[in-house]
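Let us take a friendly walk through this structure, looking at how its helices pack and at a few residues worth finding on screen.

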Amino acid sequence: MSKRNKIIYWIATIWLALGMTSTGIVQIIKMKEEADMMAHLGYSLYFLTILGVWKILGVIAILIPKFPLLKEWAYAGFFFAMSGAIFSHFAVGDSGIAYFGPTLLLVLTVTSWYFRPIDRKAVV
């Protein structure tokens with residue numbers, strides 16, 4: 001793996017981890033703004049806890065060494081959660097600013113996944 005690819009991987013992965021951790025925490029503690037957004041999108045409040053816990057566990061999975069199959073599942077979960085968030089905002093007719101966070105996290109997810117080192121890839 002080239003030095004450039006390692007740098008891209010770690011920058012994307014650190015920002016992804018920070019983004020997923022911070023949004024996971026505000027979802028677990030059911031911050032008012034998050035709770036209001038979930039209600040606006042038509043989801044039950046308990047869904048915040050599920051998403052928040054999954055995000056924190058996913059961050060742990062992508063950061064710890066080894067367990068490449070677990071990493072694949074974490075990346076898939078991030079992809080589904082963020083693409084689902086984008087579609088949810090689209091479905092309720094939200095303005096463009098609502099798409100920024102989930103789109104950024106989706107791009108970081110794909111970038112981190114694509115540039116991950118060989119020892120972090122699941123061999124199928």
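## How the helices pack

The axes of H1 and H4 cross at roughly 60 degrees and come within 13 Å. That makes H1 oblique to H4. Please keep in mind that this is a predicted model. The crossing in which H1 passes H4 is left-handed. On the H1 side the meeting residues are Tyr9, Thr13, Leu16 and Met20, and on the H4 side they are Tyr75, Phe78 and Met82. Sorted by class, this contact of H1 with H4 has 6 nonpolar residues, 1 polar residue and no charged residues.

Next comes the pairing of H1 with H3. Helix H1 covers residues 3–28 and helix H3 covers residues 46–63; the two pack at an angle of about 155 degrees, with their axes 8 Å apart. That angle makes H1 roughly antiparallel to H3, because angles over 145 degrees count as roughly antiparallel. Here too, H1 passes its partner H3 in a left-handed crossing. Residues of H1 that make the contact include Tyr9, Trp10, Thr13, Leu16, Ala17 and Met20, while those of H3 include Leu48, Leu51, Lys55, Ile56, Val59 and Ile62. The contact of H1 with H3 divides into 14 nonpolar, 7 polar and 1 charged residues.

The third pairing is H3 with H4. The axes of these helices come within 9 Å and cross at roughly 140 degrees. That makes H3 oblique to H4. H3 passes H4 in a left-handed crossing. From H3, the residues Leu51, Lys55, Gly58, Val59, Ala61, Ile62 and Leu63 meet Leu70, Lys71, Ala74, Tyr75, Phe78, Ala81 and Met82 in H4. By class, the contact of H3 with H4 holds 11 nonpolar, 1 polar and 2 charged residues.

## A buried methionine

Is Met20 buried or exposed? Met20, whose place is in helix H1, is buried, with a relative accessible area of 0%. Leaving out residues up to four places away in sequence, Met20 touches Lys55, Val59, Phe78, Met82, Leu105 and Thr109. You have already met Lys55 and Val59 on the H3 side of the contact with H1, and Phe78 and Met82 on the H4 side of theirs. For a sense of scale, Met20 and Pro68 are 48 residues apart in sequence and 19 Å apart in space, C-alpha to C-alpha.

## The two faces of H2

Helix H2 covers residues 32–41, and its residues Glu34, Ala35, Met38 and Leu41 are buried. Seen down the axis of H2, these buried residues fall within an arc of 125 degrees, so they line one face of the helix. An α-helix has 3.6 residues a turn, so residues three or four places apart point the same way. What covers the buried residues of H2 includes H1, H3 and H4. Turned away from that buried side is a face carrying the exposed residues Lys32, Glu33 and Ala39. Just after H2 comes Gly42, which takes a positive phi of about 95 degrees.

## Residues to find outside the core contacts

Where does Trp73 lie? Trp73 lies in helix H4, which covers residues 68–91. Trp73 is exposed, with a relative accessible area of 64%. Measuring C-alpha to C-alpha on the model, Trp73 and Ala61 are 8.8 Å apart in space and 12 residues apart in sequence.

Two lysines in loops also deserve a look. Lys30 has a positive phi although it is not a glycine, and Lys66 likewise shows a positive value in a residue other than glycine.

| Residue | Place | Phi | Relative accessible area |
|---|---|---|---|
| Lys30 | loop between H1 and H2 | about 55 degrees | 33%, partly exposed |
| Lys66 | loop between H3 and H4 | near 70 degrees | 62%, exposed |

Lys66 counts as exposed because its relative accessibility is 62% and the cut-off for exposed is over 50%. Lys30, at 33%, is partly exposed.

Methods. Residues numbered from 1 in each chain as written. Predicted model: local features only at pLDDT ≥ 70, side-chain atom pairs only at ≥ 80, totals over all residues. Heavy atoms only, no water. Axes fitted to C-alpha atoms, helices over the stretch in contact; angles between N-to-C directions. Helix = DSSP H or I, 4+ residues; strand = E, 2+ residues; numbered from the N terminus. Parallel < 35°, antiparallel > 145°, perpendicular 65-115°, else oblique. Left-handed = near helix turned anticlockwise from the far one by under 90°. Contact = heavy atoms within 4.5 Å. Nonpolar A, V, L, I, M, F, W, Y, C, P; charged D, E, K, R; others polar. Buried < 20%, exposed > 50% of the residue type's maximum accessible area, 1.4 Å probe, protein only. Arc of directions from axis to C-beta.
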